[in-house]
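Biologist: Could you take me on a close look at the salt bridges in this protein, one pair at a time? I am new to this, so please explain the terms as you go.

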Amino acid sequence: MSLVIFLKLVAIFAIVAIGYIADRARWLGEGDVARVLSNAAFYLFVPALLFRTTARIDLHALPWRTLAAFFVLTISLVGVAASIYASGYVEEFSGRVSVGLLGSLLNGFLLSMTLVVLADNGFFFLILWEVMSLLSYVLVVTEHEKPGVREAGLFYLIMTHVGTAFIILTLLIFSQETGSFSFEAFRHPDQQLPEGLRSIAFFTALIGFGAKAGIVPLHVWLPYAHPAAPSHISALMSGVMIKTAIYGLIRVYFDFMGGVFPWWWGFTLLVAGTVSALLGVMYALMEHDLKGLLAFHSVENIGIILLGIGAGMIFHTYGLHELAALGLLAGLYHTINHAAFKALLFLGAGALQFSTHTRHIEEYGGLLRRMPWTGAFFLIGAVSIAALPPTNGFVSEWLVFQS
């Protein structure tokens with residue numbers, strides 16, 4: 001396993017170096033390497049979703065490779081869009097920031113997120129999680145010369161490491177009982193964790209992954225980090241990075257815990273989702289910074305995803321497996337839908353900021369005449385996030401409501 005870890009880390013640094021060298025030599029435009037990576041991941045993992053199917057959904061034995069393929073697909077879709085967008089967007093940073101370095105960090109960030117959901121070892125998972133967090137921090141402080149950007153980056157770095165500490169504690173609990181860091185050992189232990197340790201692992205996982213996902217009250221870094229980052233990075237962070245935490249929660253509760261848990265676990269997730277959804281949208285209503293508003297909406301939509309997962313856990317506890325599958329699938333469907341329309345909105349916000357040099361919503365009057373295409377696509381994203389039919393946001397939120 002140590003050789004595999006070494007080779008995968010070498011792959012990350014090689015991709016980062018190739019992206020930097022290619023851009024500096026003008027072999028490829030900004031984001032082209034990232035686009036190749038995302039397209040490759042898309043074509044490699046779509047077959048896993050299409051052909052790794054089961055006749056019956058059994059939450060005691062979820063196909064984890066298929067789940068990983070689903071998240072790789074989500075990362076790849078947003079990665080392709082962000083890399084295409086970056087080709088023109090980075091002109092804004094020309095002369096102030098090394099475009100080659102920015103492109104290489106984008107490549108490494110996409111690769112680290114992909115490898116996080118493919119990890120099959122706790123030690124490897126933690127290393128990749130840290131690489132993903134550090135690369136995102138460096139990308140957040142791209143414009144470090146601007147007031148408030150460094151403070152926003154530092155706040156994000158502190159919060160993400162608070163979460164990482166709890167994730168480490170969660171994995172240590174499993175490794176202590178199994179004598180291994182292998183996810184296979186976590187999945188099939190010689191004996192189940194004692195009830196007290198299981199409850200501790202439940203809360204440490206919720207806090208650790210919840211800090212990355214932006215669950216209230218651990219959401220405080222989002223309205224600082226997302227506005228500070230370049231818009232294509234904001235799209236990746238809000239659209240897919242915070243969803244790696246959703247993957248982590250599902251993996252711990254349904255895989256490592258064996259899908260066996262008391263009813264109050266699901267109820268706790270349901271309450272956390274409800275509070276996040278309500279407070280997220282209330283904070284958004286008071287926000288005048290466009291990217292800050294979108295950040296608060298990420299808190300709301302993470303809450304909606306948790307509503308589906310929490311409902312699925314409660315149904316599963318009482319043996320209602322079909323309804324449990326509906327809740328979990330509704331949460332996952334909203335995961336990919338939110339990634340799509342939130343990335344669209346952040347990229348649209350970047351286009352507005354690029355043209356007007358402001359994020360203040362009150363100063364955007366009359367822009368539709370100057371930017372009709374941006375306005376049209378932004379409207380599609382706005383209608384989707386408002387969950388109006390027949391958009392994808394409506395379909396997945398309706399499924400969550402039904403579950």
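Modeller: Happily! The count comes to 5 salt bridges, where a salt bridge is a side-chain nitrogen of Lys or Arg within 4 Å of a carboxyl oxygen of Asp or Glu. Keep in mind that this is a predicted model, in which local features need pLDDT of at least 70 and side-chain atom pairs count only at pLDDT 80 or more, while totals for chains, interfaces and linings use all residues. Residues are numbered from 1 along each chain as its sequence is written, and side-chain values use heavy atoms, with hydrogens and water left out.

Let's begin with E184 and R187, whose closest N and O atoms are 2.4 Å apart in their salt bridge. Both sit in helix α7 (residues 183-187), 3 residues apart, so about one helical turn separates them. Helices here are DSSP runs of H or I with at least four residues, numbered from the N terminus. E184 is partly exposed at 44% relative accessible area, and R187 is partly exposed too, at 22%; the term covers values between buried (under 20%) and exposed (over 50%), using a 1.4 Å probe and protein chains only.

R187 also forms a salt bridge with D255, at 2.7 Å between the closest N and O atoms. Because D255 belongs to helix α11 (residues 243-256) and R187 to α7, this pair ties together parts 68 residues apart in sequence. D255 is buried, with 2% relative accessibility. Add R251, and you have a network of salt bridges linking E184, R187, R251 and D255.

Methods
Helices (H or I, at least four residues) and strands (E, at least two) are DSSP runs, numbered from the N terminus.
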